[in-house]
Amino acid sequence: MKLCVALDLPSEKENLELVQKIKEHDVWLKVGLRAFIRDGYAFLAQLKAINPNFKIFLDLKLHDIPNTMADAAQEIAQFGVDMFNVHASAGKVAMREVMQRLQGCEKQPIVLAVTALTSFDETNFQAVYNQDIASKATQFAKDAFESGIHGVVCSAFESKAIKENTSQEFITLCPGIRPFGEESGDQKRVANVALAQQELVDFIVVGRPIYQSVEPSKTVKAILENI
Ligand code: C5P
């Protein structure tokens, strides 16, 4: 299991200060929409400059027509990003086109699909997808798998079932982790490291428990010792 640190601080300066503090650790860094829209590829280059061994997960959740998604995926791959994601609800044609386009790229990033956004409750999810969350999320995971996508973003509670419905090699990346049962903030269903291990999770995403801790490096070290 690998640790992915969410760089969700409000400014580039604060994100870079955090990364400096944890630079000796073998971790992935998650860059989301806010940081990327504000700080762009130059920010990703700065992360690699701090430690070239850092792996970067660009969490932009692409969702558009197939050709536009494939164009964006190609740009992301050409920059050398290690992992990015798309929305499974963009459909199998779009996911296949993304994966086909990446075959021509020198360096192939890992591509994940988002199944159901956790911000949905059942009522609002039904209004959009006309189906319950659990069965639609499983369907999206199967669609992604059949389209050649490498894995999904999902809740740690669903990781094992998704692998059973697809393949044990199908990657699961799970946010909503409170490594040692810390304060959950706005996360509703939180899992700790032990549960993530039982559920065969491949990547845990941890934000606040690291960047709000007094000594982020010590927190990262403690998590890495437990995974
Ligand atoms: O601070 P915390 O550990 O809760 O951060 C989790 C990270 O994972 C945040 O960047 C959040 O946007 C992201 N995320 C999530 N739930 C999802 C998808 C992404 O918490 N379903």
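Colleague: Where is the place of Ser167?
Modeller: Ser167 is in the loop between helix H7 (159-165) and strand S7 (171-174). Keep in mind that this is a predicted model.

Colleague: Is Ser167 buried or exposed?
Modeller: Ser167 counts as buried, because its relative accessibility is 16% and the cut-off for buried is under 20%.

Colleague: What does the side chain of Ser167 reach?
Modeller: The backbone nitrogen of Glu169, at 2.9 Å.

Colleague: Switching to the ligand. Which pocket does the ligand sit in?
Modeller: The ligand sits in the largest pocket.

Colleague: Which residues surround the ligand?
Modeller: The shell consists of Ala6, Asp8, Lys30, Thr118, Pro175, Arg178, Gln187, Val205, Val206, Gly207, Arg208 and Pro209. Sorted by class, that shell has 5 nonpolar, 3 polar and 4 charged residues.

Colleague: Which helix and which strand each supply at least two residues of that shell?
Modeller: Strand S8 (203-206) and helix H9 (208-211).

Colleague: What about polar contacts? How far is an oxygen atom of the ligand from an N or O atom in the side chain of Asp8?
Modeller: That distance is 2.6 Å. For the side chain of Lys30, an N or O atom is 2.9 Å from an oxygen atom of the ligand.

Colleague: And which atom of Arg208 lies 2.7 Å from an oxygen atom of the ligand?
Modeller: A backbone N or O atom of Arg208.

Colleague: How much of the ligand's area does the protein bury?
Modeller: The protein buries 81% of the 470 Å² that the ligand exposes when taken alone.

Technical notes:
Residues numbered from 1 in each chain as written. Predicted model: local features only at pLDDT ≥ 70, side-chain atom pairs only at ≥ 80, totals over all residues. Heavy atoms only, no water. Near = heavy atom within 4 Å. Polar contact = N/O pair within 3.5 Å; in protein donor to acceptor, adjacent residues only side chain to side chain. Areas by Shrake-Rupley, 256 points an atom, 1.4 Å probe, with all protein chains shown as cover. 1 Å grid on protein atoms, 1.4 Å probe; cavity = no way out; pocket = protein on both sides within 12 Å on 5 of 7 lines; lining within 4 Å. Sits in = over half its atoms within 2 Å of the grid points. Helix = DSSP H or I, 4+ residues; strand = E, 2+ residues; numbered from the N terminus. Nonpolar A, V, L, I, M, F, W, Y, C, P; charged D, E, K, R; others polar. Buried < 20%, exposed > 50% of the residue type's maximum accessible area, 1.4 Å probe, protein only.
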